Each structure stands twice: as C-alpha cells, then as structure tokens.
Amino acid sequence: MIEICVEITNPMKVNERGIPLSEWIGLPINLEEFQEALKEIDAVEGEYIISGSNTQNFDIPIDPFTNLWELNDLVKRIEEVDEDEHYKLAALIELAAPSDFDSIYRIIDHLDEYDFLSEIQDDYALGRYFAIDCDMLHGTPEHLKYYFHFESFGFSMKLKHGIKYTSLGAIYRK
C-alpha cells in the first residue's frame, strides 16, 4: 500500500503564533474526510493551497494550485497497480520526470512493456546480475570467474538492452 499525503493550508487564517492553519491528509480521500480537513483549517472549497507533499518514491508534479481531486484520482489509479509493480512505476516516473498527470497515466498504461531490476544502479552491479544471477558464466571454471570484468560486461549489457539507472534500480523496455 502506498502512502501519498499532501498538506493543505488556508493562507488567510493563522494560529496564535501567526502560522497559517494547515492539515496533512492522506490520499485518496473521500469527500467527507476532505470536508472535515477543511473544517480543521477553517476553510471552504477553493480557499486552500497545497503547501507540502510526501509522495514516497513517486515524483508526482504537485504545486500549491494542483487540483486536489485530479491528484486524488491519480492516487486511486496508482493504487490499482499491482503492489509488486510500484517500484517499477516509481522508477519510470523518475526517468520520465513528467510535468503533468496525463504523462503519469500513460506510464501506468504501458507499465507491462518494461522490466525492472531493483537496486541495480551501476554497470558493475548490472554485469554481476547478468553474469552470476542469470548464470551466464555457466560452464566457466570457478578459478576463471575471478578474472571476469563485471563492470565492462554491465556496460555492454546496458547499451545492448537500453537499460537506464534510477535511484530505485535499473529499468529497460522488454
């Protein structure tokens, strides 16, 4: 289960220390929960801004005037993605650096076209993954495996398969 939260703030109302009233809400949210949050910041629909966000690994473009209900719908769509695919989705979003929600929807729609190798973030790890984990050195005498240059092999595999590195792992089109 993902957790995406935003802080809604009423810039027109302040507390006793002069700080604008704000409330963190988890998404997706239903109308009743949202109205309760608006009461907490003494606002009505349209009198708030999004002053903060916590989107975990998802680089979702959120600014103070992002439409909360469109964001809410996007979060619902992300939650529909199989939980095992969340890191792949987050890696693709990181690579694409989308500027709008439609771009993220397109990424979700084409998620099955990509493979994701978690925690592989450099040529050495990639080469080791293909050589050892995928058993590409099968049949090579054990004493010769020590001379294998994983980084060069990883670099070759990266070029051959169009692999890109993200902070979450390596991703490539199948």
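**Reading helix H3, the sheet and the rings**

Me: In H3 of this predicted model, the residues His86, Lys88, Leu89, Ala90, Ala91, Leu92 and Ile93 are buried. How does one read the spacing of residues along an α-helix?

Reply: The general idea is that an α-helix has 3.6 residues a turn, so residues three or four places apart point the same way. Here the buried residues of H3 include His86, Leu89 and Ile93.

Me: Against which elements do the buried residues of H3 pack?

Reply: They pack against H2, H4, E4 and strand E6, which spans 169–173.

Me: Is His86 buried or exposed?

Reply: Compare the relative accessibility with the cut-off: under 20% is buried. His86 has 8%, and therefore counts as buried. This residue lies in helix H3, which covers residues 86–96.

Me: What does His86 touch, and which backbone oxygen lies 3.3 Å from a polar atom of its side chain?

Reply: Setting aside residues up to four places away in sequence, His86 touches Ile2, Phe58, Ile78 and Val81. One of these, Ile78, supplies the oxygen: its backbone O is 3.3 Å from a polar atom of the His86 side chain.

Me: How many residues has the largest nonpolar core, and which of them have the most contacts inside it?

Reply: It has 36 residues, and the ones with the most contacts inside the core are Ile8, Ile25, Leu27, Phe58, Ile60 and Leu89. Two or more residues come from each of strand E1 (4–14), strand E2 (20–27), helix H1 (31–40), helix H2 (68–80), H3, helix H4 (101–109) and strand E4 (114–118). Another core, of 8 residues, lies apart from this one; among its members are Leu126, Met157, Ile163 and Tyr172.

Me: Take Leu27. Which residues is it in contact with, leaving aside neighbours within four places in sequence?

Reply: Leu27 is in contact with Ile4, Val6, Leu68, Leu71, Asn72, Val75 and Glu79.

Me: How should I read the sheet: what is the order of its strands?

Reply: Start with the order, then find the edges. The sheet is open, with 3 strands in the order E2-E1-E3 and antiparallel pairing. Its edge strands, E2 and strand E3 (49–54), each pair on one side only. From one strand to the next the twist averages 25°.

Me: Over how many bridges do E1 and E3 pair?

Reply: The antiparallel pairing of E1 with E3 runs over 5 bridges. Ile8 stands opposite Ile50 of E3. H1 packs on the sheet through contacts with E1 and E2, and its direction makes about 160° with that of E2. H2 lies across E1, E2 and E3 and runs at about 30° to E2.

Me: What describes a pair of aromatic rings?

Reply: Two values do: the distance of the centres and the angle of the planes. In the whole structure a search finds 6 aromatic pairs. For Tyr124 and Phe150 the ring centres are 5.6 Å apart and the planes stand at 85°, so this pair is edge-to-face. Tyr124 belongs to helix H5 (residues 123–133) and Phe150 to helix H7 (residues 150–161), so the pair ties together parts 26 residues apart in sequence.

Me: How do Tyr124 and Phe150 stand in terms of burial?

Reply: Tyr124 has 43% relative accessibility and counts as partly exposed, whereas Phe150, at 10%, counts as buried. Both also belong to one aromatic cluster, formed by Tyr124, Phe148, Phe150 and Phe153.

Me: Last, the backbone angles. What sign of phi do most residues other than glycine have, and what form do most peptide bonds take?

Reply: Most such residues have a negative phi, and most peptide bonds are trans. A cis bond is found here between Leu27 and Pro28, with omega about 0°. Pro28 lies in the loop between E2 and H1.

Me: Where is Ala97, and what is its phi?

Reply: Ala97 follows H3 and sits in the loop between H3 and H4. Its phi is near 45°, a positive value in a residue other than glycine. With a relative accessible area of 58%, Ala97 is exposed.

Me: What is the phi of Asp135, and where is its place?

Reply: The phi of Asp135 is near 60°, again positive in a residue other than glycine. Asp135 is found in the loop between H5 and helix H6 (142–145), and a relative accessible area of 44% makes Asp135 partly exposed.

Conventions: Residues are numbered from 1 along each chain as its sequence is written. This is a predicted model: local features need pLDDT of at least 70, side-chain atom pairs count only at pLDDT 80 or more; totals for chains, interfaces and linings use all residues. Side-chain values use heavy atoms; hydrogens and water are left out. Helices (H or I, at least four residues) and strands (E, at least two) are DSSP runs, numbered from the N terminus. Buried means under 20% relative accessible area, exposed over 50%, partly exposed in between (1.4 Å probe, protein chains only). A polar contact is a pair of N or O atoms within 3.5 Å; within protein, one must be able to donate a hydrogen and the other to accept it, and residues adjacent in sequence count only if both atoms are side-chain atoms. Contact means heavy atoms within 4.5 Å. A nonpolar core is a set of buried Ala, Val, Leu, Ile, Met, Phe, Trp, Tyr and Cys residues joined through side-chain atoms within 4.5 Å. Two strands pair if DSSP finds at least two bridges between them. Axes are lines fitted to C-alpha atoms, for helices over the stretch in contact, and angles run from 0 to 180 degrees between N-to-C directions. Rings of Phe, Tyr and Trp (its six-membered ring) pair if their centres lie within 6.5 Å; planes under 30 degrees apart count as stacked, over 60 as edge-to-face and the rest as tilted.
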